[in-house]
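Colleague: I have a model open and would like to learn how to read it feature by feature. Could you walk me through it?

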Amino acid sequence: MEQDKDVRVTVVGHFSLDENIGPKARVSNVLGGAPIYSGSTLSKLGVKAGICSCIGEDQYERAIGFCKNMGIDYKGLRVCGTKTLYFQNNYDEKGDRFQRCYNVPRKLSPKDIP
C-alpha cells in the first residue's frame, strides 16, 4: 500500500527515560515513550508526524535531537519540570514485568496540541 505523503498524525503522550532490568542484563538511560516509538515508526513509514508531549529539562535537548533526526515536528514539546518521566522495568525469568514509575508529569490536554 502506498503511503499518502499529506497524512499528518499527532502522537500524544509523554517522553520517558526507561531502565530495563532482566535476570541477565540491564539497559539504562533509554529514551522512550509514545513520541519515540510511535513517532519514529510513522516517520519511517513516510507519514508526517508531530508530537504533543511533556519532558523534563534534563532530557529536552536530547528529545529535540531525536525529533530532528527522525523528521518529527516537535512544536508540541513542552518542558514540564526538571526531571523526565522515568520507568524502571524489572523482568523475571518468565518475562513478567514489575514496573516502578517516577517523576510523573502533568496530564496533557487538548490545549497542548499545537
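**Reading the fold**

Modeller: Happy to. The protein chain contains 2 helices and 7 strands. Please keep in mind that this is a predicted model.

Colleague: In which order do the elements of the protein chain run from the N terminus on?

Modeller: Reading from the N terminus, the order is β-β-β-α-β-α-β-β-β. For the overall extent, look along the principal axes: the C-alpha atoms fill a box of roughly 45 × 35 × 25 Å.

Colleague: How many of the contacts in the protein chain with a separation of 6 or more come from residues 24 or more positions apart?

Modeller: Such pairs account for 59% of those contacts. One can also ask about burial: of the chain's 114 residues, 38% count as buried. On the outside, the chain exposes about 7,100 Å², with carbon and sulfur atoms supplying 53% of that area.

Colleague: And the charges? How many positive and negative side chains does the protein chain have?

Modeller: There are 17 positive and 13 negative side chains, and the centres of the two sets lie 3 Å apart.

Colleague: Now the interior. Which residues of the largest nonpolar core touch the most other members?

Modeller: The general idea comes before the case: in soluble globular proteins, nonpolar side chains tend to be buried together. Here the largest nonpolar core has 16 residues, and Phe15, Ile51 and Leu77 are the ones that touch the most other members. At least two core residues come from each of strand E2 (15-21), helix H1 (34-44), strand E4 (48-55) and helix H2 (60-70). H2 gives the largest share, 4 residues.

Colleague: What is Leu77 in contact with, leaving aside its neighbours within four places in sequence?

Modeller: Leu77 contacts Phe15, Ile51, Ser53, Cys54, Ile55, Tyr60, Ala63 and Ile64. Ile55 is a good next stop from there. Ile55 has its place in strand E4, and it counts as buried because its relative accessibility is 2%, where buried means under 20%. With the same sequence neighbours left aside, the contacts of Ile55 are Phe15, Tyr60, Ala63, Leu77, Arg78, Val79, Cys80, Gly81 and Thr84.

Colleague: How do I read a helix that has a buried side? Which residues of H2 are buried?

Modeller: Look down the axis and note where the buried positions point. In H2 the buried residues are Ala63, Ile64, Cys67 and Met70. They cover an arc of only 135° around the axis, so they sit on the same side of H2. Turned away from that buried side is a face carrying the exposed residues Glu61, Lys68 and Asn69. As for partners, the buried residues of H2 pack against E2, strand E3 (26-33), H1, E4 and strand E5 (73-79).

Colleague: Let me try the other helix. Which residues of H1 are buried?

Modeller: Pro35, Ile36, Gly39, Ser40 and Leu42 are the buried ones in H1. Seen down the axis, they fall within an arc of 160°, so they line one face of the helix. Their cover includes strand E1 (8-12), E2, E3, E4 and H2.

Colleague: Which residues with a positive phi follow the two helices?

Modeller: Gly46 follows H1, with a phi near 85°, and Gly71 follows H2, with a phi near 75°. Then check the residues that are not glycine. Asn29 has a positive phi of about 60°, and Asn29 lies in strand E3. Asn103 has a positive phi of about 55° and lies in the segment after strand E7 (97-102). Asn29 is partly exposed because its relative accessible area is 45%; Asn103, at 39%, is partly exposed as well.

Colleague: How far apart in space are Ile55 and Asn103?

Modeller: Their C-alpha atoms are 10.0 Å apart, with the two positions 48 residues apart in sequence numbering.

Colleague: One last case, then. Is Arg26 buried or exposed?

Modeller: Arg26 counts as exposed because its relative accessibility is 54%, and exposed means over 50%. Arg26 lies in strand E3. Not counting residues up to four places away in sequence, Arg26 touches Glu19, Asn20, Ile21 and Gln88. The C-alpha atoms of Arg26 and Tyr91 are separated by 10.0 Å, and these residues are 65 apart along the chain.

Definitions and conventions. Residues are numbered from 1 along each chain as its sequence is written. This is a predicted model: local features need pLDDT of at least 70, side-chain atom pairs count only at pLDDT 80 or more; totals for chains, interfaces and linings use all residues. Side-chain values use heavy atoms; hydrogens and water are left out. A nonpolar core is a set of buried Ala, Val, Leu, Ile, Met, Phe, Trp, Tyr and Cys residues joined through side-chain atoms within 4.5 Å. Buried means under 20% relative accessible area, exposed over 50%, partly exposed in between (1.4 Å probe, protein chains only). Contact means heavy atoms within 4.5 Å. The arc is that of the directions from the helix axis to the C-beta atoms. Accessible areas come from the Shrake-Rupley method with a 1.4 Å probe; for residues, only the protein chains shown count as cover. Lys and Arg count as positive and Asp and Glu as negative; His and the chain ends are not counted. The place of a charge is taken as NZ of Lys, CZ of Arg, CG of Asp or CD of Glu.
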